[in-house]
Each structure stands twice: as C-alpha cells, then as structure tokens.
Amino acid sequence: MNWKDFEIIDKNQDYGITTVSVPTGQGKTHAILEYISRRKNDGRKIWYITNKNNNIPTAELKKLIAKNEQVGGPKKIFEVKSEFNNLIDNFPKTQFPKSFLKEYQPLISKLESSVNYYIQNKNNDSGAVAEQLIKNGSIKDNQGGLQKELRKSVIRYLNSAVEIINKTNKEILQCKKKLIKSNKDYQWIAKLYPEVFIEEYDVLLMNTSKFDKSYQSIVDGAKRFKLESELIDNSIIVMDEFDATKNVFLENILENSLKNKGNALADFMSFQDIFKIDITKSYRILKEVTHKKSIAKKFQDLKANFDYVIDTYHVDAQWYLNQPVNRREFVFYSGKRLTFSSGNNKLRLQNIWNKSRNEVDMKYVSKNEVSASSINIFGLFYSIDRFFNSVRHFVETIVKYQIQETQYDTSQKRVDPDYENTFSSVLSYYGIKSGHLRSLIIESDNQFRSSIPKNRMKELPRTNDMFDHILKLITLENRDDNRFVTELSAYRISETPEKTLANLAKAAHIIGLSATANIDSPLSNYDLSYLKEVLGSHFVDGTQFLTDETKERMKILNHSYENSNVRVNVADTSKINEIMNSMPKKLDYLHVKEIVNYVFSDVPEIVNTIAFQLGDVKANYVLKQYLEIVQSFKVYFENKQCQSFLCLTNKEAKSKDNKLDLDKLKDIFEAYNQKYLKNASLEKLNSSDFRKNKESILERLSQGENIYVLSTYQTIGDGQNLQYKPSSKENLIRIVDDSFTSKKDKRFSLKDFDGIYLGKVSYLTENLLDKNFSEDNAIRFMLQTEYSATRYYISPDEEKALIQSCLDRISIRKVPGDSEDNFKLKVKNLNKSLAAKRKVLKILIQSVGRLTRSFLKNEVFIVISSSLIEQLPLEDMKELEENNQLVPELGAIYNHIIFAETSEEQISKEDDQLKSLANNKTNYMNIDLKQMLSRINSLKISQQEKEDAIYEYEKMRELCLKYPTI
C-alpha cells in the first residue's frame, strides 16, 4: 500500500469506521505510519491501537517522523504503558528531591530494592515474586502493592504544594501541571507518570487493553481513554489487526460481568437505608429551592418504586428452591429467549409467597400447573434493574443541578466542575460506598455517550436483537451454611464490543487494518451487520479508495510467483482420512501398524519407528493428528531446499502428553533425520518466553540451520512476524524488482518460512466437555450462541438446545460419560455453521500470512489437513479469489480444493447452509411477531414498550416488502 491511500481514506469522513482489508504482505502498517508522519498537524489527535505490545511500532514511527519532518512538521508521540512498566523503565533514572525523601525514604528504599531485583530476575520465578510485590503487595498483608503506595504518596506530596481554597477543579489541575512542568522538585513526577501531559501529545500508541481500561494521570485520578471526550473527540483511531481487537474488548466486558455478580435480593435491600435520610436535610448540597423541590419529588418517586418492588416481588422475604436437581440451578434470559437448567423444557419455575412465614417457596412445575399468584422471576430481575436505573437517573439529576449551580462562584468567575468527581461525591453522600453497587448504578454506556460530540449525540438505533437487551445468567444457589436459603445472583452483559466501537465511531474516525477485517463472522470479528446498520453511510470499505498505483502493485504481487516461477506445492491428508474413516474409534496396535504401513509405504525404513512410537495411541482422532504431522515431516525432509517449516495445530505438543506427545514426535523426527541426513532440528515455539525463543530460532535460521518449528494457531496468532535474513541469497528467487518499491524496503533482505502444516481448527466455540468449564466459559458460550442466532446462522430450535446444553453443563459441573456424545451432537451444528466456517477462514488467512511478508522466496510447501479443508467456506474463498484478495499461497490452496473430487459435495452443503439462513430468518421473525403481538395485547404495556413494538413492526414490514418470499 501507499501512504496516499490513507490520505484519501482520512479525508473521506471525519467520523465513522473505515475498514482496510488487503492481503498480508501489502505493507498496510508501513503505509499508515508513513501517512501519520507526513500528515500536517491540524489539532486532530491520532491513536495507534494494537493487541500485542511487541507490535506497537514506536521506533519505526519515530524514524519516519524524523525523515518527513519538513513535510508533516514535528510531532510529539508517546507510547502509553502500564503503571508497572513505567515504574520499571523510569524508577532507576528518577532523582527524588530531598523534600520527598524526607517523608518517604523507607518506601523509596523498598521500591529500589524490588525494582532492581525484578530487572535482574524478570525471566525467572524470582522476578514474578518481585512483580507481585510491586503490583499487589505480599499475599499476607493484602494492602496493595508498592506502586499503589508510591502513587498515593506522590498524590499527597503534590496536593500539599497546591492551594485549593477558592479554586475550581480545573484551576487546581492547571496548578498541579504547572508545578510538575516548571518546578525541579516536582518535575520527576512526569517521568514516573508521563500521562500527566497526555493531552499535549499528537500521536498516542498503546495496546488495546490499555485503551479500554483506566490510566493513572496522577493529577486527576484514574481515567479511561475511550471515555475522555477531550482526547477522543474528532480524533483518528488506527486499529491494527482490527477484528482481533474485539476479543480484548469482550474479555474486559466479561471480566466486569464476573466481578459485578452479586446477591440480587441483598443488593436491592441494601438501598433501604437511603430512604431513612431526612428529606428536609438531604439536599444541603443544592442551593436553588426549585432544584430542592424537584429532587424531593424524584426522591419520593424512587422510594415508591422501591416499596412497589418489595410489595410485588417480596424481595425482603426468604427465598428457597426446595427441589433442585443440583445444589445450583441456572436460568438464562436473552431478552427473547428464556431457558432453565432443569433439563426439561416443559417445566417452569413457580415462586409462591407464604405470608405467614414471609418466605417464597420455589419449585419446578409443568406449564399448566403454574399458579396465577406465582412471582415471575424475570419480572423480579427486570424491576430490580429498573430500580437501579432510577437510582442512576436520580443521582445524574443531582449531579446536573450541582454542576449548574457551581458554574459561577461568588466572584462570577467561570468554573468547570468535574462530572466524575461530582458523581462520586453524590453517591458517597447517600451512603452508596460499595464498589459493586456503584458499578450497578454507573453504567459505562451512559458515561460513554457523554463523550460523543453534541452534533452526533443521537442514541444508537434500536436493532431488536441481542445488542438492545441485557443478557442475564441467573444462578439459584442453595447455601451450604443454611439449606433453607437460596441466593439469587445474576451475571449481566449489558455492553458488547460492537456498541463500544459504534459509540467510538460517533466521536472519531476509526481506521481498521486487517487482512480479515471484512470477514463477516461474529465468532471471529465484530458483528459487521450491526455496525453497518447503526452507522449507515459512516461504515465504509476502504479498499474503494486505493490508488491506481496500489492496485497495480497488488496485481503485480499476486502474479509475482507465477512470473518468477515460484512454485507453491499443496498436499492434503486425504490418504490418511481415507483409511482412518474405515477404522474403529478405538484402536489397538495391529490397527496402528496397518494404518502406518498404508500411509508411509514409500519410506519402509521409517515405518517401524512410526508404528512403535504410535502403537499405544488408542483414539482414532489422536492418531490422525500424529500421522498428519508426520506426513509434514516427510515433505520437509524430502525437499532439500526446504530449510524452515512451521507446524500449526490447536493442541500444543508436550512431553508425555496423552494426546500429542512431544517425545514421540522427536523420536520420529530423528528417524527422518538419519534417513535423509538433513541435520535438522525440531523446536517448539509456545507462549512461554515466546519473544526470546522466536528470536533464537530466527537467528539460527539466519546462520543456515535447518529447523522445523512446532507451534499452535493461538501462539502465532495475528500479526506475528517470522521473517529472517537468509545466510545466502544464491538459490533464492526475488519476486519483484527494484522499481516495485524503495531499495531500502526490508522485504528485499528477508525471507519467509519455506513451508507450513495447517492442522484442523478445533474449539471454534467454548468447549462444553472441558473439565474446568465454569461460569466464565458458560457466559462466553452463550454469547457465541446469541451472536450466531442474531445473524440466523442457527435456527431457534438449535439456539434453544445449545443454551440448554450449556446450562445443563454448568449446573452439574462435570460431564457424565453417557452425556458426552449428546453434548458433542448439540454443539456440532454451531461448529459447522457458516459463522464457524468463516472463523476458520480467518484463521487460515492469518496463518498463511506468516509466509507472505518478504520478497525473497524459495519453493513453497503446504500440507493442509483434509479435516481443515472440510471446515472452509468455499464460496467465500471463491469471492476473495475473484476480487484478487487471496495471496498466491491461499490461491494455490483454493485451486487445490476445487479440483479435488469432494469439492462439489462440499459446495452443495454450503448451498444448503445458505438456504437455511433464509429459513432461520423466517422462523425468528415468526417468534418476534408472536412476542410483539403478545406485548401489544398486554394491558400492562408501557408507552416505551408500545413504541418499541411499533418499531419492531415497521422493521419487520420493511424486511417482508424487501424479501416477499420470506
């Protein structure tokens, strides 16, 4: 790509999302960095976000800015790091003044010792102990780490030097910053906490998690980048490996959900103390009489709401589930779908209040037996959530009035009160101190909207799907200490990565870079359909803005292998598939020997070694993976020019592992070594010490060693570079000439791996059979199911069966032997859906991308599992091929597949899947229609619910008119 492409993309829109999906190896990253360096400063802040710290291109960007300074002007850039990393990098260089040391010398001595110890031992277990001490403190004291203690000390030291009387928050902030910038006794603070002057930087670089979580400004408390309107508004946010950033946002959402689980009834009842406050005295924080009257009225309404929930749902009673199948039962609600963990879809949960005992007796009964006086559990949780929303609106109103009243002080000087601090003060005033309760009141979504510019301050359009509902997983757990009490708790998912991104896109221009940015699968990417619906014309495919020069270069690269006579050899594992399909699921030694003799008959010297090493493998699928890897050994050794080879599987090979034993593979590999005299090494590259091991392997390859690398899809992941300098260029082919790009381009001096094995991709969704399956896994699985259902990849019946299976699994906490096949069968449809296939395609594109980043090539060797081929969406690959979106290696794989005998059958199955999408859409629409009519006919329907129903009807009508055959 060319920097001019991004100039056009930048100028096309001020806010929204532009995806830039061009194949790996086209220079996306370098081109965007070149553009950033050339772009004239116009006040727009630029963010560069990527998932992995080692992919943050700070050094490269600094060089480009220095080179292009006359064109783009000087730019201040800053790489945002964690508080811990800032401390490790800068503490040894910090000169603390005597005035600080006088009070805090013991703390500084402790930190000095711990930081030095960590630096010396960071690559071993001792370093981890030091890191724990600095971050979190010792396990015994549990008082927080040394870095927290230092932060508090610095804040006290700074506050003691600033006069705060008769000053606004903004004036105090300015005084602190001026002190740090100009006074030598305070300048050291900016070294340890460089975010103090974050607004002064033109370009900010960081990992996605840091962008999503809080940062420590030291002068103004903890803040979150994505909520800071001064930083986000009108900015440009470059997201490298765009689709992969969803996983980070989702992990943080799930973390908050798990952290904020509480006892719903106890949480609600804890608010009763608020209403004991004397109303006549409770508003002294407000001066205006009209404001006091308004708040008093809202306070009375809030109390009435509280009393209504108690009277209607008996929240103050003791609840008890008297007949659980297990000690814990679960209920799932998606806003449309209601599922119980009883395992019987005909049962319903009946909850009857016993007035004399003030108890609620809970039990499962058939649908027809449910009493009219039964308390609706979802009505209960809905009402509690609505109460929390009312509390939030109540507090927001006080905050608004408080800010209005303090905008002018007695001398008529303009004041800019801080929203977050005022909000926190009001919560504290009413005694709401629990972090858990605060999180239920302060929803990030509402705070986030406050950062959107006023001219774009519209609510995100309703879509009547999972994005407009709060997903709930409710647990009913009988306590061990009192068997007559059932605790009702709820995990809530009220936010999604898509809503986070859509809200950001209302305030900034997001440029998403990824070879797979436009693969439409919510299992591996953002839900693109949702983003297109809520952003409209502001969701743009950036490839339409590519310059003719870039298009020509892409064309040259796509044909460079053919023009340079670089052969791409593709082999599948159909021979292994053929014999394994004829064998039983459980194998004995004779089976193994027969299979090995059939598959490797052309290397009789090695057959006995393979049979001996694999003779004790009993499971059919386990032996199959071994044999496929051994087949890739054969390809590697038979081709002398193949120096480097990468093996990718889902399962990590480990010594003595019963499913993929590293020792067995080493012995077989050595047998090949002895036959072919290649003197090759078998190395493993996993997440442990990844960077160090990767650099070691690449250095050895540069010295001319032959190395076969075992790794996993998860380890290599998105954006990992595996190029190395060849020891000799004598037998290598240069696929483009000097005129293609600058002679200084590193791609002229590096080469990629010569070969790759691509194993079957397993666990496309959470694994229900995992022995450690927990609530965490259950929530992920339910989200994956709801994403798939929202886009009609699965039918309503399949959705119901999947949710039911998940609830069954989490409630029993183990997988009975006779249930294992049943779990597999129910999940099979989800793992074979078009959404899952597109996820596999993404993984394939990212994996093969490890071979396509340089201009020096050898003959390329690819071994692809036939099981992986069956997982691929051929129609999607065909479309990518027709649009020149497949690199030569992927093109060779696609051509190999379509010329295979089984391709027609695979394409036919995909056609059936596409037809089922329409049927699923029809079935879901029927369900929506019934629910809508039920709500409209309800006597209790509110005005908002009526408006929602009308919206749903209009949307359904529009869809039916557009697709009259549905």
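Q: Which strands does helix H28 lie across?
A: Start with the helix, then look at what sits under its atoms. This model is predicted. Helix H28 spans residues 690-702. H28 lies across three elements: strand E19 (644-649), E20 and E21. Against E21, H28 runs at about 155°.

Q: What is the order of the strands in the sheet that holds E20 and E21?
A: Strands of a sheet pair through backbone hydrogen bonds, and they do so either parallel or antiparallel. Here six strands make an open sheet. Read across, the order is E18-E25-E23-E19-E21-E20. The pairing is parallel. Strand E18 (568-572) and strand E20 (680-684) are the edge strands. Each has a single partner strand, so one side of each has no neighbour in the sheet. On average, neighbouring strands of this sheet are turned by 15° against each other, direction ignored.

Q: How many bridges pair E20 with E21?
A: Five bridges pair E20 with strand E21, which covers residues 706-712. Their sense is parallel. To find the pairing in the model, go to Ser681. Ser681 stands opposite Ile707 in E21.

Q: Where are the edges of the sheet that has the order E9-E13-E12?
A: Begin with the order again. This open sheet has three strands, and its pairing is mixed. Strand E9 (318-321) stands at one edge and strand E12 (347-354) at another. Each has a single partner strand, so one side of each is left without a neighbour in the sheet. Neighbouring strands here are turned by 25° against each other on average, direction ignored.

Q: Do E12 and E13 run parallel or antiparallel?
A: They run antiparallel. Eight bridges join E12 to strand E13, residues 359-366. Two facing positions help you trace the pair. Leu347 stands opposite Ser366 in E13. Asn351 stands opposite Met362 in E13.

Q: How many residues lie between E12 and E13 in their hairpin?
A: Four residues lie between these two strands of the hairpin. Look at Asn358 in the turn: its phi is positive, at about 50°.

Q: Now helices. At what angle do H26 and H27 pack?
A: Read the angle and the axis distance together. Helix H26 (residues 620-638) and helix H27 (residues 662-676) pack at about 25°, and their axes are 10 Å apart. That angle makes H26 roughly parallel to H27. The crossing of H26 past H27 is right-handed.

Q: Which residues of H26 and H27 make the contact?
A: From H26 come Tyr626, Ile629, Val630, Phe633, Lys634, Tyr636, Phe637 and Glu638. From H27 come Lys664, Leu665, Ile668, Phe669, Tyr672, Asn673 and Tyr676. Sorted by class, this contact of H26 with H27 has 11 nonpolar, one polar and three charged residues.

Q: How far apart are the axes of H33 and H36?
A: They are 9 Å apart. Helix H33 (residues 834-848) and helix H36 (residues 888-898) pack at an angle of about 130°. That makes H33 oblique to H36. H33 passes H36 in a right-handed crossing. On the H33 side, Leu844, Ile845 and Val848 make the contact. On the H36 side, Glu889, Leu890 and Ile893 do. By class, the contact of H33 with H36 has five nonpolar, no polar and one charged residues.

Q: At roughly what angle do the axes of H20 and H21 cross?
A: They cross at roughly 35°. The axes of helix H20 (residues 497-505) and helix H21 (residues 528-535) come within 10 Å. The crossing is right-handed. Glu498, Lys499, Leu501, Ala502 and Ala505 of H20 meet Tyr530, Leu531, Val534 and Leu535 of H21. The residues of this contact are seven nonpolar, no polar and two charged.

Q: How many salt bridges does a search of the whole structure find?
A: The search finds 40 salt bridges. One of them joins Glu34 and Arg38. Their closest N and O atoms are 2.9 Å apart.

Q: Why are Glu34 and Arg38 separated by about one helical turn?
A: Count along the helix. Both sit in helix H2, residues 28-38. They are separated by about one helical turn because they are four residues apart in that helix.

Key. Residues numbered from 1 in each chain as written. Predicted model: local features only at pLDDT ≥ 70, side-chain atom pairs only at ≥ 80, totals over all residues. Heavy atoms only, no water. Pairing = 2+ DSSP bridges. Axes fitted to C-alpha atoms, helices over the stretch in contact; angles between N-to-C directions. Parallel < 35°, antiparallel > 145°, perpendicular 65-115°, else oblique. Left-handed = near helix turned anticlockwise from the far one by under 90°. Contact = heavy atoms within 4.5 Å. Nonpolar A, V, L, I, M, F, W, Y, C, P; charged D, E, K, R; others polar. Salt bridge = Lys/Arg side-chain N within 4 Å of Asp/Glu carboxyl O.
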